[in-house]
Amino acid sequence: MTDHQRTITCAHVIGPDGPMAGAQSIAISDGRIASIAPATDTAGEKLLALPALVNAHDHGRAIRTSSIGADAKPLESWIHYLALFPSVDPYLAAAMAFANSALGGAGTVMNHYTRAQGFTDLPAEVAKVARAARDVGVRAGFAVSMKDRNPLVYGSSEPILAALPPELRPEIETRFIRAPLSPQDYMTLVDEVASAADGPNFNVQYGPNGVQWCSDALLQAIAEASARTGRRVHMHLLETKYQRLWADANYPDGVVRMLDEIGLLSPRLTLAHCVWARQDEFELLAERGVTISINTSSNLHLHSGLAPMAEMRKAGCQLAIGIDSKALDDDDDSLRELRLSHLLHAGSGFDLTATRHQALQSAVGNGRFSVSNITDAGVLRAGADADLLLLDWAAVDNDSLRDDIDPINLLFSRASASHIRELIVAGRSIVKDKRVMGIDYPAVRREILAQMRAGMASNSKLSAALAAIDHVIVAHHCLDGCC
């Protein structure tokens with residue numbers, strides 16, 4: 001439900017062309033911004049208004065991965081540790097994940113659903129995820145996970161299984177080796193999920209996990225289905241150096257060129273990471289209108305490297321920003337992620353690739369399009385959706401030494417989730433004074449943790465098996481001297 005009529009007075013508003021001059025009053029009516037005009041009465045709390053941020057790549061994890069020991073490892077080892085998460089109520093898990101994103105300032109959130117809870121069929125489960133998104137109040141994208149090869153490493157699983165202690169091999173086989181769906185069955189599944197859950201603020205998409213995990217036949221089927229239905233595609237690409245080595249060995253003419261030849265490259269496609277892509281590949285992605293979601297903190301945590309954003313911008317790529325369930329402090333702080341990504345990738349000296357305002361516009365506008373298929377750029381102006389983030393300006397500028405300070409500079413220098421006073425989506429207040437308005441967040445978190453602690457008790461054998469497979473995976477990736 002929206003707050004049908006409301007006026008908010010702000011000390012500063014960051015609009016489509018940058019900060020507006022002086023205090024502004026934002027009038028909201030039926031989910032949209034009716035007007036933004038100079039304020040006549042500036043008494044009351046000092047607020048900074050900016051567009052609601054976007055988490056353009058995430059996996060909807062309710063609890064931080066470091067809590068289960070999935071930390072300080074490269075992706076190729078880390079990813080298997082996610083099996084330690086016990087299955088929990090899908091509605092509660094999704095509500096927790098969406099609420100964490102909202103508390104971090106994101107009003108639009110992508111959920112690449114790579115791990116189903118599995119208590120029911122997937123369409124019924126996703127209907128609960130969609131209900132959680134509605135209750136929290138975020139706009140959500142939902143990508144149906146798809147994979148049909150390479151469950152343990154980028155290659156045959158048999159040598160990996162053979163190297164394990166015999167008593168641990170069955171645990172790994174049971175957890176990770178399953179018969180995949182056929183490409184056509186995957187396309188049918190997406191249609192069923194869309195029928196059960198797709199809606200105005202819940203955009204169901206195809207979610208191939210990555211080229212190394214998806215056969216050419218599956219990727220071809222996705223490209224054809226996306227072209228036929230207009231449904232978006234969300235996929236990982238070239239996140240790690242090991243994926244780059246595998247791709248070059250298996251697609252000597254170029255993995256990005258192969259994706260183009262089968263028709264997968266289009267404005268409907270979002271690619272997460274692209275850390276190890278090359279300049280000619282960026283140019284092709286830009287030409288096809290593909291969006292790239294940068295996930296800076298996740299790449300740092302998993303030792304994947306730094307995405308070459310300067311080269312991406314030079315090629316003309318559309319860039320968005322994702323949290324990938326692992327921001328800098330292992331949280332969901334989109335404000336800090338925005339700052340980190342800009343500071344690391346803006347350039348050096350006077351040779352900058354983007355201004356701070358351009359970085360904000362890109363992250364919001366491209367992110368909204370890639371997650372929700374909304375093309376309005378997400379800026380604050382009359383007639384736009386009332387999706388805005390309100391920060392405590394007095395706390396952000398707590399030195400208060402200059403009246404003419406540029407608010408966008410303080411936004412990028414020091415603002416964090418701790419400064420959020422309110423998050424508004426489609427005119428509805430979904431976070432206010434650190435409270436999630438649509439759910440009982442403390443109760444949801446208590447129940448999720450109770451379910452997970454109960455489920456973790458049966459994971460001792462899996463923990464031992466993961467420790468054993470870690471050594472095998474390291475040896476596998478270091479055979480060619482790349483380590």
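Start by selecting strand E11: Val233, Met235 and Leu237 point one way from E11, His234 and His236 point the other way, and all of them are buried. As you look around, keep in mind that this is a predicted model.

**Stop 1: strand E11 and its partner**

Keep residues 233-237 selected, the stretch that makes up E11. The strand is mostly covered, with five of its five residues buried. Showing the side chains helps here, since in a regular strand the side chains alternate between the two faces of the sheet.

Next, add strand E12, residues 269-273, to your selection. Do E11 and E12 run parallel or antiparallel? They run parallel, and five bridges join them. To find one matching position, pick histidine 236 and look across to alanine 272 in E12, which stands opposite.

**Stop 2: the loop after E12**

Now follow the chain onward from E12 towards helix H10, residues 279-287. In the loop between the two, select arginine 278. Is this residue buried, exposed or partly exposed? Arginine 278 has a relative accessible area of 40%, so it counts as partly exposed.

Leaving aside residues up to four places away in sequence, arginine 278 touches Arg244 and Asp248. Then try a distance in your viewer: pick the C-alpha atoms of arginine 278 and glutamate 311. These residues are 33 places apart along the chain, while their C-alpha atoms are separated by 8.5 Å.

**Stop 3: a covered serine**

Select helix H11, residues 296-301, and pick out serine 298 within it. Serine 298 is buried, because its relative accessible area is 2%, and buried means under 20%. Which residues does serine 298 touch, not counting those up to four places away in sequence? They are His273, Ile323, Asp324 and Lys326.

**Stop 4: helix H13 and two neighbours**

Two packed helices are described by the angle between their axes and the distance between the axes. Select helix H13, residues 334-345, together with helix H16, residues 407-414. Their axes come within 7 Å and cross at roughly 95°, which means that H13 is roughly perpendicular to H16.

Show the side chains where the two helices meet. From H13 you will find Leu335, Leu338, Arg339 and His342, and from H16 there are Leu411, Phe412, Ser413 and Arg414. Sorted by class, this contact has four nonpolar, two polar and two charged residues.

Keep H13 on screen and swap H16 for helix H14, residues 356-372. At what angle do H13 and H14 pack? The angle is about 125°, and the axes are 11 Å apart. H13 and H14 are therefore oblique to each other, and H13 passes H14 in a right-handed crossing.

In this contact, H13 supplies Leu338, His342 and Leu343, while H14 supplies Arg356, Ala359, Leu360 and Ala363. By class, there are five nonpolar residues, one polar and one charged. Leu338 and His342 of H13 appear in the contact with H16 as well as in the one with H14.

**Stop 5: a sheet of three strands**

Finally, go back to the beginning of the chain and select E1, E4 and E5. These three strands form an open sheet in the order E1-E4-E5, with antiparallel pairing. Strand E1 (5-10) and strand E5 (32-38) stand at the edges with a single partner strand each, so one side of each has no neighbour in the sheet. From one strand to the next, the twist averages 20°.

Zoom in on E1 and strand E4, residues 24-29, which are joined by six bridges. For a last pair to pick, choose glutamine 5: its bridge partner in E4 is serine 29.

Definitions and conventions
Residues are numbered from 1 along each chain as its sequence is written. This is a predicted model: local features need pLDDT of at least 70, side-chain atom pairs count only at pLDDT 80 or more; totals for chains, interfaces and linings use all residues. Side-chain values use heavy atoms; hydrogens and water are left out. Axes are lines fitted to C-alpha atoms, for helices over the stretch in contact, and angles run from 0 to 180 degrees between N-to-C directions. Helices (H or I, at least four residues) and strands (E, at least two) are DSSP runs, numbered from the N terminus. Angles under 35 degrees count as roughly parallel, over 145 as roughly antiparallel, 65 to 115 as roughly perpendicular and the rest as oblique. Contact means heavy atoms within 4.5 Å. Ala, Val, Leu, Ile, Met, Phe, Trp, Tyr, Cys and Pro count as nonpolar, Asp, Glu, Lys and Arg as charged, and the others, Gly among them, as polar. A crossing is left-handed if the near helix is turned anticlockwise from the far one by less than a right angle, and right-handed if clockwise. Two strands pair if DSSP finds at least two bridges between them. Buried means under 20% relative accessible area, exposed over 50%, partly exposed in between (1.4 Å probe, protein chains only).
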